[in-house]
Amino acid sequence: MISSLNQEVPLAGLRWTSSIREAAESGRRGGGRMKRWRREAAAVLLGVLALLGAAGEAAGSEQKFAIEPQDQTAIVGSRVTLPCRVINKSGVLQWTKDGFGLGAHRNLTGFERYSMVGSDEEGDYSLDIYPVTLDDDAKYQCQVSSGPQGQEGVRSHYATLTVLTPPEPPRILQGDHLLTTEDREIELECVSLAGKPAAEITWIDGFGNVLREGIEVIIEPLPDGRRFTAKSILKLTPKKEHHNTTFTCQAQNTADRTYRSAKLKLQVKYAPKVTVKVVGGTSRLIEGADVRLLCSADANPPDVTYKWFINDQLVAGDPTTELVLTNISRKQHDSIVKCEVHNAVGKSEESETLDISYGPRFRSRPRSVQAEMGATVTLSCDVDGNPPPEISWIHEDSDRVVSMSSNLTLTASQETHGRYYCKAVVFGFPEIGAEATVYLKGPPTIISHRTQFGIPGDNVRLECSAFSIPTPQKVVWSFRGDDLGADNHHEYSILEDPLSEGVKSTLIIRDSRQEHFGAYNCTVYNQYGSDYATIVLKAQKSFPLILILIAVFGGVVVIVVITLVVVICQRKVTKTPVENLDAEKQCKESDRSSNISELKMELRTGSSVSNVHCELEGGSETGSEARLGLPLAGPVPLDHRYSNNRFSAGDYPDPIFPPKTDGQNNNGYVPYVDYSRDYNPPPPPPAPTSVASSVTTGGGVDPRYSAAYGNPYLRISPQLPPPTGLAPPPPPYSAVRNGTARHATGPTSPVTQQPQYITTQQATIKRGTLATHV
């Protein structure tokens with residue numbers, strides 16, 4: 001209707017336009033016609049307005065959708081609502097599912113899970129489905145039929161409802177445990193059923209890493225055509241690291257993002273995993289040291305055997321987990337030590353490269369070079385060492401370092417020529433060095449002595465040495481203008497010895513005579529010029545052979561005589577102390593056997609080895625000085641009964657005196673004291689009744705045991721009682737006083753006081769318990 005109206009309106013407009021044109025023309029023709037035209041135009045305008053009003057009324061009653069349903073996705077068991085809202089609904093509305101009508105009533109009888117929700121006033125006829133099942137997966141459409149006044153019916157777009165179904169829990173077809181061998185490919189298959197869409201399967205290894213390679217996925221539809229079975233096949237090459245680890249298969253789809261998983265524990269049998277290391281914590285070794293290498297192996301099964309190789313050569317012996325190399329050298333540097341371990345699965349090996357530190361050594365020494373002025377030359381210093389040596393070049397003329405590399409490149413000049421020293425240093429080892437010289441090419445220079453000597457009658461040699469870079473081409477000798485290199489000079493011969501820096505030419509004169517002595521000319525030639533020198537040969541007087549032999553023989557005799565004198569003197573020096581010791585011992589024994597209480601006079605001289613000194617063992621005197629000893633109180637009468645040396649020195653040893661504390665050293669001698677004034681003995685004990693009393697006289701003590709015996713200050717009478725059969729007393733103790741001698745003025749008079757003596761408190765006087773004071 002609207003379209004027909006739209007077609008009619010333009011036609012009326014055209015008619016109205018044509019009428020206006022006709023009226024305009026008729027107006028030209030005449031004024032009467034103008035009125036006629038106005039009437040017709042008004043009629044046409046009224047017709048147009050009528051048509052427009054009819055079209056608007058028809059358009060206001062048309063049925064149309066305010067909201068149409070859209071595609072949706074739902075999970076089984078959820079609720080879904082497909083919207084549908086209609087404006088100016090006048091026909092009948094219903095929902096269709098895959099083209100099948102569900103009914104016009106809101107409760108949709110026969111479809112308990114379906115209903116139309118909303119209100120008629122709002123024109124809302126949305127389809128609500130709860131709970132969603134897999135059967136609800138379909139295309140839905142909202143339709144409105146034609147109205148009672150001829151309104152045209154309308155249909156919405158198709159809305160597809162996709163129903164998703166979570167997959168079943170996955171499972172691994174190989175089970176939950178698998179035993180395999182390393183490096184043998186295996187397949188692990190994981191299956192997840194009845195998912196819509198098909199499940200997404202993920203593999204995770206025992207270290208938590210998601211595996212993305214070596215996986216094949218197969219999707220198979222179920223008979224209902226809506227759900228799918230997913231299979232994931234993992235192709236895996238097991239390694240030692242996979243032993244006792246768990247592989248996980250996870251499955252999910254968009255219906256349920258919660259992973260469901262299945263697990264498999266993998267056990268791997270593997271060949272030994274070998275590690276080789278140097279025992280001691282450092283891989284750098286020192287030349288000459290011993291090195292111990294340890295081979296560790298991890299294997300399943302763990303029963304293993306070992307083999308050692310050095311540079312692929314089997315090490316002999318009974319192999320163990322350790323290998324000891326003694327006294328390693330630089331030849332073994334970078335050697336590959338390999339440990340090979342076997343078990344039931346297979347073998348594995350691991351190697352260690354020996355890094356041996358050693359001092360520098362020249363592979364090739366620097367060589368001297370000859371160069372033109374301005375030429376570029378290179379000196380090479382090839383040194384082996386580990387770590388690599390630090391090399392420095394030193395110019396000896398300027399004493400400065402000119403390079404720190406193994407090759408020294410320079411331009412030959414007056415400043416750069418000369419000797420260079422290459423020094424190589426390896427930390428911890430002695431440094432080494434070598435020299436090379438840069439020579440500038442030029443004319444030769446003769447450096448020999450200008451005056452040389454020879455003996456007439458002998459073969460004489462004249463030397464002409466020349467410094468020449470390059471090597472001289474020839475050397476010419478002449479004497480008195482005559483070239484000596486000619487064949488007619490048979491008494492001359494010339495020898496040339498090449499040197500590193502020139503040449504040495506030797507002129508030999510056979511059986512020289514007086515006319516051969518004089519001035520010789522030596523001329524040296526090379527590519528850059530020549531040099532000459534006059535060498536004067538002078539006659540040298542020779543000593544007769546007999547004089548030389550006599551001088552040599554005389555020198556030998558003098559040396560032998562001096563040697564004998566030294567030996568004899570040494571023997572005398574070593575023999576003198578023994579002789580003195582024997583003489584001193586004889587003096588002591590002589591003193592013990594003497595009954596004279598007096599001091600001896602000694603005259604000692606340090607320069608004579610024949611003097612005999614009689615002194616105590618503890619005494620010592622040095623220097624050449626004379627000491628004078630005087631008797632204390634004159635001689636003591638000698639009783640011949642005690643003068644037969646009846647007592648040995650061992651029966652009455654010398655007394656031992658305690659050390660002095662007054663700071664003086666008397667060498668064991670008792671200083672002079674006045675016993676009559678200083679000594680007060682205890683009162684005499686009662687007369688003894690033992691056999692020892694028979695030695696007393698008149699009730700007194702035997703004078704031999706009194707303090708007066710041998711002491712002039714304590715004596716009562718010089719007359720001694722006869723012995724009564726007892727053993728005679730020991731001889732008096734005599735010694736030489738060390739210190740200033742006190743001179744007695746004369747013999748003392750007998751003392752008239754009571755006898756003074758020393759005795760013991762015991763009744764019996766035993767031998768060896770007597771005391772004697774000097």
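This passage walks through a predicted model of one chain, from its overall make-up to one small sheet and one surface patch.

Starting with the whole chain, there are 774 residues, and 33% of them are buried. The secondary structure adds up to 4 helices and 47 strands. Contacts lean on long sequence separations: of those between residues at least 6 apart in sequence, 64% link residues at least 24 apart. The exposed surface comes to about 46700 Å², with 53% of that supplied by carbon and sulfur atoms.

Among the strands, three make up an open sheet with antiparallel pairing, in the order β3-β8-β7. The edges are taken by β3 (80–82) and β7 (114–117), each of which pairs on one side only. From one strand to the next, the twist averages 25 degrees. As a general point, strands of a sheet pair through backbone hydrogen bonds, in either a parallel or an antiparallel way. Here, β7 runs antiparallel to β8 (residues 126–129), and the two are joined over 4 bridges. Within this pairing, Met116 sits opposite Leu127 of β8.

Over on the surface, a nonpolar patch of about 650 Å² is built from Leu545, Ile548, Leu549, Val552, Val556, Val560 and Leu564. One of these, Leu549, belongs to helix α3, which spans residues 545–593. How exposed is Leu549? Its relative accessible area is 49%, so Leu549 counts as partly exposed, given that the exposed class begins over 50%.

Notes. Residues are numbered from 1 along each chain as its sequence is written. This is a predicted model: local features need pLDDT of at least 70, side-chain atom pairs count only at pLDDT 80 or more; totals for chains, interfaces and linings use all residues. Side-chain values use heavy atoms; hydrogens and water are left out. Two strands pair if DSSP finds at least two bridges between them. Axes are lines fitted to C-alpha atoms, for helices over the stretch in contact, and angles run from 0 to 180 degrees between N-to-C directions. Patches are made of residues with over 30% relative accessible area and no salt bridge: like charges are joined within 9 Å, nonpolar side chains (Val, Leu, Ile, Met, Phe, Trp, Tyr) within 5 Å. Accessible areas come from the Shrake-Rupley method with a 1.4 Å probe; for residues, only the protein chains shown count as cover. A salt bridge is a side-chain nitrogen of Lys or Arg within 4 Å of a carboxyl oxygen of Asp or Glu. Buried means under 20% relative accessible area, exposed over 50%, partly exposed in between (1.4 Å probe, protein chains only). Contact means heavy atoms within 4.5 Å.
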